[in-house]
Amino acid sequence: MQSELATGTIPSQNVEPVLVAGENAHAGHKDNSENKKFAIWLFLSSESILFSVMIAAMLLVRWQYPEEHALLNIPLTSLSSFVLLGSSYMVVRALAGIQAGNRKKFTRSLFLVVALGIVFLGFQVYEFQVLAHEGLRLNSGPFGFAFFTLTGFHGFHVIIGVVWALRVFINALNGQFTATDHFGVEFFGLYWHFVDVVWIFIFTIIYLL
Amino acid sequence: MTMQDIREAVADIGQTSPEEAKPTPTQQSDVEVGHGPNEGIYFSTFLLLAALTVAEVLVTYIPGLKAPLLFGLMVAKVWLVVSFFMHLRYDRPILRWVFVIPILLGVIVSLALSPLVQ
């Protein structure tokens with residue numbers, strides 16, 4: 001026995017394996033997905049700080065320039081809010097679709113996310129054009145600078161989101177993602193909902209308040 | 001210690017008692033993440049968000065209570081999106097802090113800058 005202990009050799013009969021290969025792989029995959037989710041939340045956290053500071057800067061000039069604030073188009077941005085909320089709903093509908101194995105619902109919902117994202121951007125471009133026509137520009141003063149920096153930066157995030165959604169949509173058409181493997185959709189969803197959350201803040205604090 | 005004892009000890013590695021086999025709260029939340037809310041909850045959340053947005057626009061016509069009502073409605077909308085659409089309600093608690101702390105920092109920055117407003 002002492003010789004067995006000394007050499008570290010233990011007979012393997014009646015010894016069950018602690019982890020089989022499949023379990024090990026599954027555990028690693030799950031841990032990896034949880035790490036990825038934590039990473040994207042950290043990314044969104046850093047984005048929150050960036051937008052918070054921009055909103056704070058906008059609040060600084062918001063009360064000093066009531067004439068410029070009166071130019072903002074509330075009915076149009078209200079419609080934009082519904083469009084973005086609708087797109088967020090389509091993202092979770094797509095997620096529910098792929099989780100249930102319903103590919104038709106999944107791809108249709110993703111298509112609508114792309115379409116609604118483009119509609120939102122169209123509204124924003126139109127709003128910027130009207131404001132520019134009325135004299136409010138990026139270089140027209142503190143209000144214009146703060147407003148266009150904030151809303152433009154948000155619009156830039158929507159552009160990234162639309163491109164990302166298009167990529168996810170094309171991958172979905174190519175047969176990627178399954179009921180058990182759809183992390184890509186979930187991560188895109190987190191980003192898109194974050195963009196929606198930022199718009200909720202902007203719409204209320206900058207436009208309505 | 002005999003060789004039989006060593007064999008039994010090695011065989012016990014990886015075996016869990018019934019109590020240990022029960023998922024911890026964290027493990028339970030991980031399981032729930034995969035399922036999350038059902039589509040009925042998603043649709044109800046969307047309808048509620050749309051209703052709150054309409055309420056926000058209507059509230060702007062109430063001069064005295066406009067600001068507090070708008071902030072309340074905004075917080076409710078953010079909570080709905082983050083809890084149900086982003087599944088934070090079903091995720092690990094640490095992710096809630098990762099989201100909430102930067103927002104609190106933003107509020108502190110806003111309050112710190114507020115004396116500059118003339």
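# Two helical chains and a shared core

In chain B, buried residues make up 32% of the 118 residues. Keep in mind that this is a predicted model. Let me stay with chain B for a moment. There are 6 helices and 0 strands. Read from the N terminus, the elements run α-α-α-α-α-α. The accessible surface of chain B is about 7,100 Å². Carbon and sulfur atoms hold 70% of that surface. Now the contacts within chain B. Take those with a separation of 6 or more: 55% of them come from residues 24 or more positions apart.

On to chain A. Here we have 7 helices and 0 strands. The order from the N terminus is α-α-α-α-α-α-α. Chain A has 209 residues, and 47% of them are buried. Its accessible surface comes to about 9,800 Å². Of that, 65% belongs to carbon and sulfur atoms. Contacts again: among those in chain A between residues at least 6 apart in sequence, 81% join residues at least 24 apart.

Next, the core. The largest nonpolar core has 79 residues. Which residues have the most contacts inside it? They are A:Trp41, A:Phe147 and A:Ile206. Both chains supply this core. From chain A, at least two residues each come from H2 (21-62), H4 (74-99), H5 (103-133), H6 (142-173) and H7. From chain B, H4, H5 (66-85) and H6 (93-113) each do likewise. Which helix gives the most to this core? H7(A), with 19 residues.

Let me pick out A:Phe147. I leave aside neighbours within four places in sequence. A:Phe147 then touches A:Met58, A:Leu72, A:Glu127, A:Phe128, A:Leu131, A:Gly152, A:Ile206 and A:Tyr207. Note A:Ile206 in that list. A:Ile206 is also among the residues with the most contacts inside the core.

A:His69 has A:Ile206 as a contact too. A:His69 sits in helix H3 (residues 66-69) of chain A. Is A:His69 buried or exposed? Its relative accessibility is 12%, so A:His69 counts as buried. Beyond neighbours within four places in sequence, the contacts of A:His69 are A:Arg62, A:Phe143, A:Ile206, A:Tyr207 and A:Leu209.

Now a helix pair across the two chains. Two packed helices are described by the angle between their axes and the distance between the axes. The pair is helix H7 (residues 183-208) of chain A and helix H4 (residues 39-59) of chain B. Their axes come within 11 Å. They cross at roughly 10 degrees. Angles under 35 degrees count as roughly parallel, so H7(A) is roughly parallel to H4(B). Which residues make the contact? On H7(A), A:Phe203, A:Thr204 and A:Leu208. On H4(B), B:Thr53, B:Glu56 and B:Val57. By type, the residues of this contact divide into 3 nonpolar, 2 polar and 1 charged.

One more residue at this place: B:Lys77. B:Lys77 is found in helix H5 of chain B. Buried or exposed? Relative accessibility is 1%, so B:Lys77 counts as buried. What surrounds this lysine? Setting aside neighbours within four places in sequence, B:Lys77 is in contact with residues of chain A and chain B. From chain A, they are A:Ile200 and A:Phe203. From chain B, they are B:Leu49, B:Leu52, B:Thr53 and B:Glu56. Three of these names come back from the helix pair: A:Phe203, B:Thr53 and B:Glu56. Look at B:Leu52 as well. B:Lys77 and B:Leu52 are 25 residues apart in sequence, yet their C-alpha atoms are 7.0 Å apart.

Back to H7(A), which also holds A:Phe183. With a relative accessibility of 22%, A:Phe183 counts as partly exposed. A:Phe183 and A:Lys36 are 147 residues apart in sequence. In space, C-alpha to C-alpha, they are 9.1 Å apart.

Last, the backbone. Two loop residues have a positive phi, and neither is a glycine. A:Phe177 has a phi of about 70 degrees. A:Phe177 lies in the loop between H6 and H7 of chain A. The relative accessibility is 14%, so A:Phe177 counts as buried. B:His87 has a phi of about 65 degrees. B:His87 is in the loop between H5 and H6 of chain B. With a relative accessible area of 4%, B:His87 is buried.

How values were computed:
Residues numbered from 1 in each chain as written. Chains lettered and ligands numbered in written order. Predicted model: local features only at pLDDT ≥ 70, side-chain atom pairs only at ≥ 80, totals over all residues. Heavy atoms only, no water. Axes fitted to C-alpha atoms, helices over the stretch in contact; angles between N-to-C directions. Helix = DSSP H or I, 4+ residues; strand = E, 2+ residues; numbered from the N terminus. Parallel < 35°, antiparallel > 145°, perpendicular 65-115°, else oblique. Contact = heavy atoms within 4.5 Å. Nonpolar A, V, L, I, M, F, W, Y, C, P; charged D, E, K, R; others polar. Buried < 20%, exposed > 50% of the residue type's maximum accessible area, 1.4 Å probe, protein only. Areas by Shrake-Rupley, 256 points an atom, 1.4 Å probe, with all protein chains shown as cover. Core = buried A, V, L, I, M, F, W, Y, C linked by side-chain atoms within 4.5 Å.
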